[in-house]
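This briefing goes through one protein model, topic by topic. The sequence and structure come before the notes.

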Amino acid sequence: MPQDATDPLLTIWTYDWVPQMPRGKVRDVRLRWALEEAGLPYRVATVPFEDRSPEHLARQPFAQVPFLQDGEVRLFESGACLLHIAGKSEALMPGDPVGRAEVLEWVIAALNSIEMVTVPWWFVKMSGAEQNPLSGWMEQRFERLDAVLSSRDWLAAGRFTAADILMADVLRLPDELGRLGHHPALRDYVERACARPAFGKAVADQMAHFEAADAGRG
């Protein structure tokens, strides 16, 4: 589904279908959430889940999703796409230098200090290992983030921003797996973020997208 460079609509690219388990968690939900928060119009286009074609690899060299197209601008990696979207709306990115710096540092922290631990931890857990050697490291990161969020509702600029979209989404899976039980500020933070109408719509739309694809698979 090519997009003309003069087309004003942003396009989120995701898979045409995924199995049940990752639904609601595929990372295009981060971009959907951001665009809903910002009130920016967008469309969704797809690449095949079961056939990572050369065209897909040309847009995302690791054959993942999402990737984003905004006229002539093409980006992959959900963090980069999210920051691009945030740059279009002060609802997600403050206009002042201090606020922008806070958002940037917490976006990177979500990716480099939290998700870099939670994703490997989840893979080890899924392997069926009796003991997960990453649990202590992950708990340490959660303890430090819990201390930050015990004194504020949102991470940056004194309000909800793109940083919270990314951090809350990173924390959703550990929360669902019961790993935030000893971190009340983190549990409350995830609940607060996921109670936002834009998040609810983003997840519902993603679920509907993949459910609609089921019918075509026979």
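Is Lys25 buried, partly exposed or exposed? With a relative accessible area of 28%, Lys25 is partly exposed. The model is a predicted one. The protein holds 8 helices and 4 strands, and the notes below cover its overall form, its cores, its salt bridges and its backbone details.

**Overall form**

- From the N terminus, the order of elements is β-α-β-α-β-β-α-α-α-α-α-α.
- The radius of gyration is 18 Å, which agrees with the value near 17 Å for a compact globule of 218 residues.
- The C-alpha trace spans about 45 × 45 × 30 Å along its principal axes.
- Of the 218 residues, 45% are buried.
- The accessible surface comes to about 10600 Å², and carbon and sulfur atoms account for 55% of that area.
- Taking contacts between residues at least 6 apart in sequence, 71% join residues that are at least 24 apart.

**Nonpolar cores**

- The largest nonpolar core has 52 residues, and those with the most contacts inside it are Trp33, Leu92, Leu145, Met167, Leu171 and Tyr189.
- Elements giving two or more residues to this core include strand 1 (10-15), helix 1 (28-38), helix 4 (97-126) and helix 5 (135-149). Helix 6 (162-176), helix 7 (184-194) and helix 8 (197-215) are also among them.
- Leaving aside residues up to four places away in sequence, Leu145 touches Trp106, Ile114, Leu155, Met167, Leu171 and Leu186.
- Another core, of 9 residues, lies apart from the largest one; Trp13, Val47, Val65 and Phe210 are among its members.

**Salt bridges**

- The whole structure contains 13 salt bridges.
- Lys25 pairs with Glu176, with 2.9 Å between the closest N and O atoms. This pair links distant parts of the chain, since Lys25 is in the loop between strand 1 and helix 1 and Glu176 is in helix 6, 151 residues apart. Glu176 is exposed at 52% relative accessibility.
- Glu50 and Arg217 meet through their side chains in a salt bridge, 3.0 Å from N to O. Glu50 lies in the loop between strand 2 (42-47) and helix 2 (54-59) and Arg217 in the segment after helix 8, so the bridge ties together parts that are 167 residues apart in sequence. Glu50 is exposed, at 57% relative accessibility, while Arg217 is partly exposed, at 42%.
- Lys88 and Asp70 form a salt bridge with an N to O distance of 2.8 Å. Lys88 belongs to the loop between helix 3 and helix 4 and Asp70 to strand 3 (residues 67-70), with their positions 18 residues apart in the numbering. Asp70 is buried, with a relative accessible area of 14%, whereas Lys88 is partly exposed at 40%.
- A network of salt bridges links Arg27, Arg30, Glu115, Asp169 and Arg172.

**The hairpin of strand 3 and strand 4**

- Strand 3 and strand 4 (residues 73-76) run antiparallel and are joined by 4 bridges.
- Gln69 has Arg74, in strand 4, as its bridge partner.
- The hairpin has 2 residues between the strands, and Gly71 takes a positive phi near 65° there.

**Backbone details**

- Most residues other than glycine have a negative phi, and most peptide bonds are trans.
- What kind of peptide bond joins Val65 and Pro66? The bond is cis, with omega at about 5°. Pro66 sits in the loop between helix 2 and strand 3.
- Ala63 is not a glycine, yet has a positive phi of about 60°. Ala63 is found in the loop between helix 2 and strand 3, and it is buried, with a relative accessible area of 11%.
- Glu77, also not a glycine, has a positive phi of about 75°. Glu77 lies in the loop between strand 4 and helix 3 and is partly exposed at 36% relative accessibility.
- Pro97 is found in helix 4 and is exposed, with a relative accessible area of 58%. The C-alpha atoms of Pro97 and Ile85 are separated by 17 Å, the two residues being 12 apart along the chain.

Terms used:
Residues numbered from 1 in each chain as written. Predicted model: local features only at pLDDT ≥ 70, side-chain atom pairs only at ≥ 80, totals over all residues. Heavy atoms only, no water. Core = buried A, V, L, I, M, F, W, Y, C linked by side-chain atoms within 4.5 Å. Buried < 20%, exposed > 50% of the residue type's maximum accessible area, 1.4 Å probe, protein only. Contact = heavy atoms within 4.5 Å. Salt bridge = Lys/Arg side-chain N within 4 Å of Asp/Glu carboxyl O. Pairing = 2+ DSSP bridges. Rg over C-alpha atoms; globule rule 2.2 N^0.38 Å. Areas by Shrake-Rupley, 256 points an atom, 1.4 Å probe, with all protein chains shown as cover.
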